[in-house]
Amino acid sequence: MPAPPEAPDLTGAGPAEVLRRIFGYDSFRGSQQDIIETVVEGRDALVLMPTGGGKSLCYQIPALVRPGTGVVISPLIALMQNQVDALRALGVRADFLNSTLTMDQRRMVEQEFVGGRLDMLYLAPEALGTPGVQQLLDRGKISLFAIDEAHCVSQWGHDFRPDYLQLSMLHERWPDVPRIALTATATSATHAEIATRLKLSDAKHFVASFDRPNIQYRIVPKDGPQQQLLELLRTEHRGDAGIVYCLSRASVEKTAEFLSREGIPALPYHAGLDAGVRARNQSRFLREEGLVMVATVAFGMGIDKPDVRFVAHLDLPKSVEGYYQETGRAGRDGQPSTAWLAYGYNDVVQQRRMIEQSEGDLAHKRSLSTHLDAMLALCETVQCRRVQLLNYFGEEAKACGNCDTCLTAPEQWDGTIPAQKLLSTILRLHRERNRKYGVGKAVDVLLGRETDETRRGRHQELSTWGIGADLNEAQWRSVARQLIAQGLLAVEGDYSVLVLTDGSREVLGRQRTVMLRTEPKRPSKSRSRSSASAAGGVKAAPADLDPADAPLFEKLRTWRGATAKEQAVPAYIVFNDATLKQIAARKPSSLAELATVSGVGEAKLARYGDAVLAVLAE
Ligand code: ADP
Ligand code: ZN
């Protein structure tokens with residue numbers, strides 16, 4: 001990154017002016033304005049807002065409006081450079097102090113801070129515990145403390161960082177400096193814990209809706225998942241950056257190889273890879289355009305790449321919390337994005353077995369089971385996915401029109417009789433043949449399929465032999481999967497054999513009916529993209545861009561890619577997709593006109609304005 005241009009003079013500027021001149025946006029989103037005013041006035045704030053909601057502006061603008069340096073505590077050392085680069089590109093004087101700096105670099109940053117020449121300083125939480133850093137902070141002027149990823153203070157949460165506990169001292173040591181704590185974690189337990197542990201007793205609380213309207217949720221029955229994924233990428237996400245989550249390291253490797261073979265640039269990421277390879281792949285994913293990261297859930301915490309266009313799960317997540325966090329990495333820039341999950345019989349069996357074999361006491365297993373049940377309920381629901389997701393986090397919502405069940409309503413059917421046939425087959429195999437079997441054998445019996453094993457076991461003599469010819473194999477597996485999801489059938493042991501539950505007995509005893517989901521025949525039609533692009537090699541036009549403007553958008557993207565490379569920053573730091581699309585659509589012919597495009601602030605206008613106009617004039 002070149003040295004920041006002359007920092008714009010913001011003396012006397014209020015939040016709205018900073019928003020416009022520095023960030024190039026014309027209005028605040030949601031409760032940003034309230035939050036910013038609270039901090040500008042010197043009060044504490046606690047902010048719960050989903051990923052992509054616009055949390056950064058909530059401390060960046062007060063840091064620019066108030067005199068002194070805004071100190072940002074962030075646990076993600078690996079990402080500080082990116083955050084600082086993004087701010088410098090806007091003409092903001094930002095820097096960071098962490099263990100990656102040399103002594104000389106450190107001394108320089110310290111001098112800038114003490115001399116009052118920094119708008120913002122990023123620090124790792126562990127640094128604050130050292131006397132050196134505390135004394136340094138005493139020698140400069142601090143405008144505010146921003147505590148990012150504040151849920152890391154929660155001891156029961158999944159991202160606990162012991163160093164966060166000491167952040168309560170900020171208030172004791174610098175009582176006059178306002179603090180703003182921010183997180184994208186939605187649960188009320190974490191919310192309360194943050195307030196207590198950080199001693200934010202007088203803070204104003206801001207809780208935003210956790211809806212991510214630009215993400216389209218889709219859950220499809222698994223049927224050759226690699227091909228399904230390829231189809232999704234080719235028809236809807238050609239040339240897009242995205243994340244593919246797999247359960248195991250082996251399937252990460254296999255899937256990444258498969259995509260690469262099919263001409264889709266993909267990188268693997270899992271804990272088994274050498275740390276250097278991991279860091280390189282992560283940095284390429286952040287900096288280059290259109291890469292697909294195939295990863296285990298080890299990947300993604302704190303990744304704030306705004307233009308991730310899809311998150312695909314090839315295996316069932318263990319909980320709705322995990323699913324929401326992982327899918328939330330798509331579309332931080334507010335542009336249309338896809339969350340896609342392929343889910344099948346084996347997923348349910350595998351997850352149930354992992355819980356059964358997991359270490360830990362009964363209470364722990366029960367908790368894992370409850371989490372899995374909620375995830376399964378989401379997969380099998382016939383109502384709006386978003387309604388179900390938000391309800392899970394305690395929020396009311398209306399059918400969204402942007403999920404698979406809203407777009408193509410699945411039907412429910414009374415599956416009581418097929419359920420009875422399947423359960424009774426399992427019961428008979430167990431009782432009359434004295435053996436427990438997996439789903440394959442039960443389906444052989446239902447379909448009356450002769451194999452060596454059915455002959456040897458004389459399965460033809462069972463009274464349920466061949467009574468299931470009205471459904472095919474895939475449909476029977478779907479029945480079994482849904483029965484397991486509903487707790488009406490269970491999986492047991494190393495060989496995943498099926499066993500009856502109390503619920504199964506109620507079904508067999510005709511004491512309860514079983515409602516099942518019919519998968520819609522055609523894959524749900526999503527945001528339509530030009531059909532020509534599905535076959536050809538060109539990238540599809542983004543859904544919200546007039547196809548006529550697509551070639552210009554592509555030209556701008558090429559210019560952006562080259563510029564970013566030259567300056568060694570991620571492409572989105574030059575301009576994000578939303579800004580580039582607006583430029584392509586409005587084709588400004590002067591700098592003054594270009595300045596009115598959202599995302600074009602003073603610094604970027606000065607640095608890139610002429611180049612953009614030249615691309616447009618070509
Ligand atoms: P979060 O940290 O909550 O995940 P960010 O702060 O990264 O979200 O913001 C997400 C995206 O939205 C960024 O690209 C940011 O520039 C943009 N953004 C934030 N506030 C506004 C606004 N008021 N107008 C337009 N874009 C905004
Ligand atoms: Zn919906």
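Start by selecting Glu289, Arg309, Asp333, Glu554, Arg557, Arg560 and Asp577: in this predicted model, a network of salt bridges links these residues. Show them as sticks and you have your opening view. Behind such networks is a plain idea: side chains of opposite charge can pair when their charged atoms come close.

**Inside the network: Asp333 and Arg309**

Now zoom in on two members. Asp333 and Arg309 form a salt bridge, and their closest N and O atoms are 2.8 Å apart. Trace the backbone out from each one: Asp333 sits in the loop between helix H13 (320–327) and strand S13 (337–343), while Arg309 belongs to strand S12 (residues 308–313). The two are 24 residues apart, and the pair links distant parts of the chain. Are these two residues buried or exposed? Both Asp333 and Arg309 are buried.

**Two more salt bridges**

How many salt bridges does the count come to? The total is 40, so let's just pick two to visit.

Select Arg21 and Glu602. They form a salt bridge whose closest N and O atoms are 2.4 Å apart. Arg21 is in helix H1 (residues 15–23) and Glu602 is in helix H28 (residues 602–617), so this pair ties together parts that are 581 residues apart in sequence. Turn on a surface and compare the partners: Arg21 is buried, with a relative accessible area of 16%, whereas Glu602 is partly exposed at 35%.

Next, pick Lys555 and Glu618. Here too there is a salt bridge, with the closest N and O atoms 3.9 Å apart. Lys555 lies in helix H24 (residues 550–567) and Glu618 in the segment after H28, so the pair ties together parts that are 63 residues apart in sequence. With the surface still on, Lys555 is partly exposed, having a relative accessible area of 33%. Glu618 is exposed, with a relative accessible area of 70%.

**Helices side by side: H4 and H12**

Switch to cartoon view and color helix H4 (residues 77–89) and helix H12 (residues 275–287). Their axes come within 11 Å and cross at roughly 20°, which means that H4 is roughly parallel to H12. Which residues make the contact? On H4, select Ala78, Leu79, Asn82 and Asp85; on H12, select Gln282, Leu286 and Arg287. Color them by class and you'll find three nonpolar, two polar and two charged residues. As for handedness, H4 passes H12 in a right-handed crossing.

**Another crossing: H13 and H16**

You met H13 beside the loop that holds Asp333. Now select H13 with helix H16 (residues 385–392). These helices pack at an angle of about 115°, with their axes 11 Å apart. The crossing of H13 and H16 is left-handed. To see the contact itself, show Val320, Glu321, Tyr323 and Tyr324 in H13, then Leu389, Leu390 and Tyr392 in H16. By class, that contact has six nonpolar residues, no polar ones and one charged residue.

**Helix H19 and its neighbors**

Move on to helix H19 (residues 439–447). Its buried residues are Val439, Ala442, Val443, Asp444, Val445 and Leu446. What do they pack against? Add these elements to your view one by one:

- helix H14 (345–357)
- helix H18 (416–433)
- helix H20 (452–456)
- helix H21 (473–485)
- strand S16 (497–499)

Before leaving, click on Gly448, just after H19: Gly448 has a positive phi of about 65°.

**Two loop residues to finish**

Select His151, in the loop between strand S5 (142–147) and helix H8 (169–173). His151 has a relative accessibility of 6%, so it counts as buried. Beyond its neighbors within four places in sequence, His151 is in contact with Asp159, Thr183, Thr185, Thr190 and Ile194.

For the last stop, find Thr513, in the loop between helix H22 (502–508) and strand S17 (515–518). Thr513 is exposed, with a relative accessible area of 54%. Leaving aside neighbors within four places in sequence, Thr513 is in contact with Asp414 and Thr416. Finally, draw a distance line from the C-alpha atom of Thr513 to that of Ala578: they are separated by 50 Å, and the two residues are 65 residues apart along the chain.

Notes:
Residues numbered from 1 in each chain as written. Chains lettered and ligands numbered in written order. Predicted model: local features only at pLDDT ≥ 70, side-chain atom pairs only at ≥ 80, totals over all residues. Heavy atoms only, no water. Axes fitted to C-alpha atoms, helices over the stretch in contact; angles between N-to-C directions. Helix = DSSP H or I, 4+ residues; strand = E, 2+ residues; numbered from the N terminus. Parallel < 35°, antiparallel > 145°, perpendicular 65-115°, else oblique. Left-handed = near helix turned anticlockwise from the far one by under 90°. Contact = heavy atoms within 4.5 Å. Nonpolar A, V, L, I, M, F, W, Y, C, P; charged D, E, K, R; others polar. Salt bridge = Lys/Arg side-chain N within 4 Å of Asp/Glu carboxyl O. Buried < 20%, exposed > 50% of the residue type's maximum accessible area, 1.4 Å probe, protein only.
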